[in-house]
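Work through these exercises with the model open. Each task is followed by a solution in steps.

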Amino acid sequence: MTTARAYGFLEVAAKENGALWIFLKNPPKKNAIGPAMVNELLWALEDAANDDSVRSIVLTGAGDAFCAGGDFTQMSSSGPSAELPPKGDYADLLLALTRSPKPLVARVNGVAMGGGVGLVAACHFAVAARGIKLGTPEINRGLFPMMIMAVLARVVPQRRLLEMMLFGDKLEADEAAAIGLVGKAVDADGLDAEIARITGQIAQKSPITVKLGLEAFAAQADLTLEQALPMLRERLGAVLSTDDAREGLMAFLEKRTPKWTGK
């Protein structure tokens, strides 16, 4: 089971399909993210990665916002989160998200700006409710979205990304889906049904295969083709050696539904 921790800026809850929901919680500032929330997220992600009962992680915002950007007033925050030893900063968080061995689903229920958009881009799946806006307004304040550029560049075409960052664009959910910033835009009343569809699909797959697949996906991201193919050949061998791979092949031959053990 996931470790119970005294969070100050998160709420964590287990829901259907083996999904662990992590709610960003900073209501006065539309769930803006700062060092304390970042540290809590790093702890929550590590706990989820080590919990066999967790099949996927849903990242969302409490209330009517997802994450409005950065909140550096959290630098001086105290309270429950102070009990957690430092684990890393925002750059470490983006790395942890992109390297997560559990599928991450961004449930974009409200405004997502700046650092919040970085969280969306770093997740494996992202679904946004129509009527909300996502953007990179830093340029309008004399700043630039430096760190989130690294994850945005993995999902948004280069020229469109440059427009976003240099113009300070705020996008509607459907436009965000059209450029790949989110995977899908849905009506607000259909948001949870789409999240349930994604987490339900994941829950039907072999947990060890999902884990090994996501680890390989992350490992090959920055390699050349010449480097990636030998590494992936080795990773395929690791998958083929699992009990679940043998069970899956046997179930296929016997025309039955496989029974996964996660081994």
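**Exercise 1. Classify R130 as buried, partly exposed or exposed, then find its salt-bridge partner.**

Solution.
- Step 1. This is a predicted model. R130 has a relative accessible area of 36%.
- Step 2. Buried means under 20%, and exposed means over 50%. R130 is therefore partly exposed.
- Step 3. The side chain of R130 meets that of D187 in a salt bridge, at 3.0 Å from N to O.
- Step 4. This pair links distant parts of the chain, 57 residues apart. R130 sits in the loop between β7 and β8 (133–135). D187 sits in the loop between β10 (184–186) and α7.
- Step 5. D187 has 44% relative accessibility, so D187 counts as partly exposed.

**Exercise 2. Find the salt bridge between R160 and D169, and decide whether each residue is buried or exposed.**

Solution.
- Step 1. The side chains of R160 and D169 meet at 3.1 Å, N to O. The cut-off is 4 Å, so the contact qualifies as a salt bridge.
- Step 2. R160 is at 15% relative accessibility, and therefore counts as buried.
- Step 3. D169 has a relative accessible area of 18%, so D169 is buried.
- Step 4. Now look beyond the pair. R160 and D169 belong to a network of salt bridges that also links E163 and E175.

**Exercise 3. Locate the salt bridge between E215 and K211, and place both residues in an element.**

Solution.
- Step 1. The closest N and O atoms of E215 and K211 are 2.8 Å apart.
- Step 2. Both residues lie in helix α8. Their separation is 4 residues, about one turn of the helix.
- Step 3. E215 has a relative accessible area of 27%, so E215 is partly exposed.
- Step 4. K211 is at 32%, and so counts as partly exposed.
- Step 5. Why can such pairs form? Side chains of opposite charge can pair when their charged atoms come close.
- Step 6. Close with the total. The count comes to 17 salt bridges.

**Exercise 4. Describe the largest pocket: its volume, its lining and the elements that supply it.**

Solution.
- Step 1. The largest pocket has a volume of about 750 Å³.
- Step 2. Its lining has 33 residues. Nearest the centre lie T98, A122, H124, R154 and F217.
- Step 3. Two or more lining residues come from each of α2 (90–98), α3 (115–122), β7 (125–129), α4 (146–152), α7 (191–203) and α8 (207–220).
- Step 4. Which element gives the largest share? That is α8, with 6 residues.
- Step 5. Sort the lining by type. There are 23 nonpolar, 5 polar and 5 charged residues.

**Exercise 5. Which residues make the nonpolar surface patch, and how accessible is L166?**

Solution.
- Step 1. L162, L166 and F167 make the patch. Its area is about 300 Å².
- Step 2. L166 lies in helix α5 (residues 158–167).
- Step 3. Patch residues need over 30% relative accessible area. L166 has 47%, so L166 is partly exposed.

**Exercise 6. Place K102, decide whether K102 is buried or exposed, and compare sequence and space for K102 and D52.**

Solution.
- Step 1. K102 is in the loop between α2 and β5 (104–108).
- Step 2. Its relative accessible area is 10%, so K102 is buried.
- Step 3. K102 and D52 are 50 residues apart in sequence. In space, they are 9.9 Å apart, C-alpha to C-alpha.

Terms used:
Residues are numbered from 1 along each chain as its sequence is written. This is a predicted model: local features need pLDDT of at least 70, side-chain atom pairs count only at pLDDT 80 or more; totals for chains, interfaces and linings use all residues. Side-chain values use heavy atoms; hydrogens and water are left out. Patches are made of residues with over 30% relative accessible area and no salt bridge: like charges are joined within 9 Å, nonpolar side chains (Val, Leu, Ile, Met, Phe, Trp, Tyr) within 5 Å. Accessible areas come from the Shrake-Rupley method with a 1.4 Å probe; for residues, only the protein chains shown count as cover. Buried means under 20% relative accessible area, exposed over 50%, partly exposed in between (1.4 Å probe, protein chains only). On a 1 Å grid over the protein atoms alone, a cavity is a set of points where a 1.4 Å probe fits but cannot get out, and a pocket is an open set with protein on both sides within 12 Å along at least five of seven lines; lining residues have an atom within 4 Å of a point. Grid points are joined across faces, edges and corners, and a volume is the space filled by probe spheres set on the points. Ala, Val, Leu, Ile, Met, Phe, Trp, Tyr, Cys and Pro count as nonpolar, Asp, Glu, Lys and Arg as charged, and the others, Gly among them, as polar.
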